[in-house]
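This report describes a protein chain as it appears in the coordinates shown here, moving from the chain as a whole to particular elements and ring pairs.

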Amino acid sequence: ASRRRFLLIHGAGTSAGAFMNSPTASGAKKFLSGVPCRTDAGGGGIPANWQYTALDAASDDGGWWKVGDELVGLEASISRIENAIEMQQAVGVIGHEQGALVAALVAARSSLGEGPPLQFAVICGAPALPTGVYLDLLQRLRDSTAVVPVATLHCLSKADPASAAGEELAACFAPAAEILWHEGGNSMPGRSWYEETRGFPDRAIGENRYVTQLGPPKYYKYQETSSRRKNATTKEVMSTGELLDACVHETMAGEPQQHGRVLCTGQLSTPRG
């Protein structure tokens, strides 16, 4: 599979083309502008540019499922996305709103060996946790002691009423989950996300460096220790080779900072209603 290709999954009420090109809250244009696109890529220690495409829901309302308790259409959407991952040889998925929840479910299936292999997922503004078999899927991933989850970056905002559910979703992917707090509500984070997370996609696929739009490569410094603490209700994340970079903010207790990468702790509760 291509080491540098990811698939974009748009939110409800839009389309693949609009998602990639819109600078509004429902679009990914500002987010994608943070992904380096360099003319010197592939030489002088500069990684090749990331390649990406967006998949369209191809539904009348632009949704990946019909809103309601039954989540009608979600199973078919997951199948379409997994087929696209295999056809395009993508190593990651990036989703927004409805697309974020679908991306999380695809990553959970991959983690459990029930879907195509993935190396990362970026989950931005996912809505409330799912119900039924999809909640069961996340609980199986959360409770497993033998599975190494797909690396995930959860982009959350305290201005989004669904952020608490987003933290619960992130906890299912511990210890491979990271949270990026931003101030954009339910929208995707702006272009600074790539540098704030120190090239999360590059770290997720095992690169030893990342770049921004300008300047030389920046190499990761790693601490040769790992820690994983877990009980029946909580997973705390400290990934192997914890990134030692003063510009990346991590915390094990207290209120998460509004910016930066933080460790994920939380528990999954059954949705009400």
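A residue is called buried when its relative accessible area is under 20%, and by that cut-off buried residues make up 51% of the 273 residues in the protein chain. The model is a predicted one. The protein chain has eight helices and 12 strands, and it exposes about 12000 Å², of which carbon and sulfur atoms supply 52%. Among the contacts in the protein chain with a separation of 6 or more, 71% are accounted for by residues that stand 24 or more positions apart.

Strand β1 and its partners come next. Four of the five residues of β1 are buried, so this strand is largely enclosed by the rest of the structure. Strand β1 is joined to β2 by five bridges, the two strands running parallel, and four bridges join β1 to β3, again with a parallel course. Leu 7 takes part in both pairings, since its bridge partner in β2 is Thr 53, while in β3 its bridge partner is Val 93. In a regular strand the side chains alternate between the two faces of the sheet.

Helix α3 packs against these strands: its buried residues lie against β1 (5–9), β2 (51–55) and β3 (92–96), as well as against the helices α4 (98–111) and α5 (132–143). The helix comprises 15 residues (residues 74–88), which at 1.5 Å a residue should span 21 Å, and the distance of 21 Å between its end C-alpha atoms agrees with this expectation. The buried residues of α3 are Leu 74, Ser 77, Ile 78, Ile 81, Glu 82, Ala 84 and Ile 85. Because they cover an arc of only 155° around the axis, they are placed on the same side of α3. The face turned away from that buried side carries the exposed residues Glu 75, Glu 86 and Met 87. After the helix comes Gln 89, whose phi is positive, near 55°.

The aromatic rings offer another view of the packing. Rings count as a pair if their centres lie within 6.5 Å, and by this rule the count comes to eight aromatic pairs. Two of the stacked pairs are set out in the table.

| Pair | Centre to centre | Angle between planes |
|---|---|---|
| Phe 6 and Tyr 52 | 5.1 Å | 10° |
| Tyr 210 and Tyr 220 | 5.5 Å | 15° |

Phe 6 and Tyr 52 link distant parts of the chain, with Phe 6 in strand β1 and Tyr 52 in strand β2, 46 residues apart. Phe 6 is buried, at a relative accessible area of 1%, whereas Tyr 52 is partly exposed, at 28%. Tyr 210 lies in strand β7 (residues 209–210) and Tyr 220 in the loop between β8 (218–219) and β9 (227–230), so that pair ties together parts that are 10 residues apart in sequence. Both Tyr 210 and Tyr 220 are buried. Ring pairs also link Phe 6 and Tyr 52 with Trp 50, Phe 120 and Phe 200 into a cluster.

A further residue to consider is Leu 180, which has its place in strand β6 (residues 177–181). With a relative accessibility of 1%, Leu 180 counts as buried. Leu 180 and His 154 are separated by 26 residues in sequence, yet their C-alpha atoms are 6.1 Å apart in space.

Conventions
Residues numbered from 1 in each chain as written. Predicted model: local features only at pLDDT ≥ 70, side-chain atom pairs only at ≥ 80, totals over all residues. Heavy atoms only, no water. Expected span 1.5 Å × (residues − 1). Buried < 20%, exposed > 50% of the residue type's maximum accessible area, 1.4 Å probe, protein only. Arc of directions from axis to C-beta. Contact = heavy atoms within 4.5 Å. Phe/Tyr/Trp six-rings, centres within 6.5 Å; stacked < 30°, edge-to-face > 60°. Areas by Shrake-Rupley, 256 points an atom, 1.4 Å probe, with all protein chains shown as cover. Pairing = 2+ DSSP bridges.
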